[in-house]
Amino acid sequence: MRHTLPLAPQFYVTAPQPCPYLDGRMERKLFTALQGDAAGALNDSLSQQGFRRSQNVLYRPSCTDCAACLSARIRVDAFKPNKSQRRTLKRNDNLVRRATSPWATEEQYDLFRRYLDSRHADGGMADMDVFEFAAMIEETPVRSRVVEYADRDTDKLIAVCLTDLLADGTSMVYSFYDPRMTRESLGTYVILDHIEISRETGLPYVYLGYWVQGSGKMGYKSRFSGLEVFKGGRWEAFQGEDAYSAELHPLSTDPIAEQVANISLPDLSHPVKL
């Protein structure tokens, strides 16, 4: 018997679990599998509706009493670096960019472990071993690249970003860097360079993941001009941190069936293979 994948994606909801960003809160995610020849089209469409990719899964928050997580992207033509960001670019002018196929290396994993142990020792990825790391990098059904940043003189690996290439932008799936180089502001630099990558390739956006109201770990995203957030089913220009609230009354949360019904899906009847 031949088994085929369902034409329309099936959506599911995770069980509530402690939020990794805000103490005392619970998170819940709406998700669907990303697979088959239409994976690229689905990734493009759902990324434009606030979803994020993790390996072969697309997800977005669906919390019952919190609205802190807002998908964020930078509109490239509206971005202008501030004084601090210009200094960051100058401090890192010794780095060279290398874009490769999504293939994990021992050098990447060593850098990844140093980054986690220093910055996120108590996070959900803290126990990730080399095989799980390889899966994170390599298990992608869409157009992805590993963007490496190395010292021009020593060729030492300094920073890495797993990046998806969407129809309308670059999506920074996960980035990590040498945690000892605090003065260089490498996290900011990698975002600045992805703005340049999008500009070079004629793509209008850089997708950053989630800006989380009240989370110090995610606050840096609000420092970029041209920032947009996905709220109320549409993208809007970021209004400033004080314009948003993490509070959400449980009765204002749409039922899951209604959330799924409001998701726009691409035409998957004639998928294009990547």
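For sorting residues by class, Ala, Val, Leu, Ile, Met, Phe, Trp, Tyr, Cys and Pro count as nonpolar, Asp, Glu, Lys and Arg as charged, and the others, Gly among them, as polar. Keep that handy for the first exercise, and remember that this is a predicted model.

**Exercise 1. Find the largest cavity, list its lining and sort the lining residues by class.**

Step 1: A general reminder: rolling a probe the size of a water molecule over the atoms shows where empty space is left. Here the structure turns out to hold 1 cavity of 30 Å³ or more, and the volume of the largest cavity is about 40 Å³.

Step 2: Go round the wall. The lining consists of Asn43, Ser47, Phe51, Arg52, Arg53, Asp164, Ser171 and Val173. Two or more of the lining residues come from each of α1 (39-47), β5 (52-54) and β11 (169-177).

Step 3: Now sort them. Phe51 and Val173 go in the nonpolar bin, while Arg52, Arg53 and Asp164 are charged. Asn43, Ser47 and Ser171 are polar. The tally is 2 nonpolar, 3 polar and 3 charged residues.

**Exercise 2. Work out where the largest cavity lies relative to domain 1 and domain 2.**

Step 1: Domain 1 covers 11-71 + 245-262, and domain 2 covers 73-239.

Step 2: Both domains give residues to the lining, so the cavity lies between them.

**Exercise 3. Is α1 mostly covered or mostly exposed?**

Step 1: Use the cut-off: buried means under 20% relative accessible area.

Step 2: The residues of α1 that pass are Ala39, Gly40, Leu42, Asn43, Asp44, Ser45, Leu46 and Ser47. Asn43 and Ser47 also turn up in the cavity lining.

Step 3: With 8 of its 9 residues buried, α1 is mostly covered.

**Exercise 4. Describe how the rings of Tyr109 and Phe112 pair, and place the two residues in the structure.**

Step 1: Start with the geometry. The ring centres of Tyr109 and Phe112 are 6.2 Å apart, with 35° between the planes. Stacked needs under 30 degrees and edge-to-face over 60, so this pair is tilted.

Step 2: Both sit in helix α3 (residues 106-119), 3 residues apart, which puts about one helical turn between them.

Step 3: Check the burial. Tyr109 has a relative accessible area of 15%, so it is buried; Phe112 is buried too, at 0%.

Step 4: Widen the view. Tyr109 and Phe112 belong to a cluster of linked ring pairs that also takes in Phe133, Tyr174 and Phe176. Over the whole structure, the search finds 19 aromatic pairs.

Technical notes:
Residues are numbered from 1 along each chain as its sequence is written. This is a predicted model: local features need pLDDT of at least 70, side-chain atom pairs count only at pLDDT 80 or more; totals for chains, interfaces and linings use all residues. Side-chain values use heavy atoms; hydrogens and water are left out. On a 1 Å grid over the protein atoms alone, a cavity is a set of points where a 1.4 Å probe fits but cannot get out, and a pocket is an open set with protein on both sides within 12 Å along at least five of seven lines; lining residues have an atom within 4 Å of a point. Grid points are joined across faces, edges and corners, and a volume is the space filled by probe spheres set on the points. Helices (H or I, at least four residues) and strands (E, at least two) are DSSP runs, numbered from the N terminus. Domain bounds come from an automatic or database domain assignment. Rings of Phe, Tyr and Trp (its six-membered ring) pair if their centres lie within 6.5 Å; planes under 30 degrees apart count as stacked, over 60 as edge-to-face and the rest as tilted. Buried means under 20% relative accessible area, exposed over 50%, partly exposed in between (1.4 Å probe, protein chains only).
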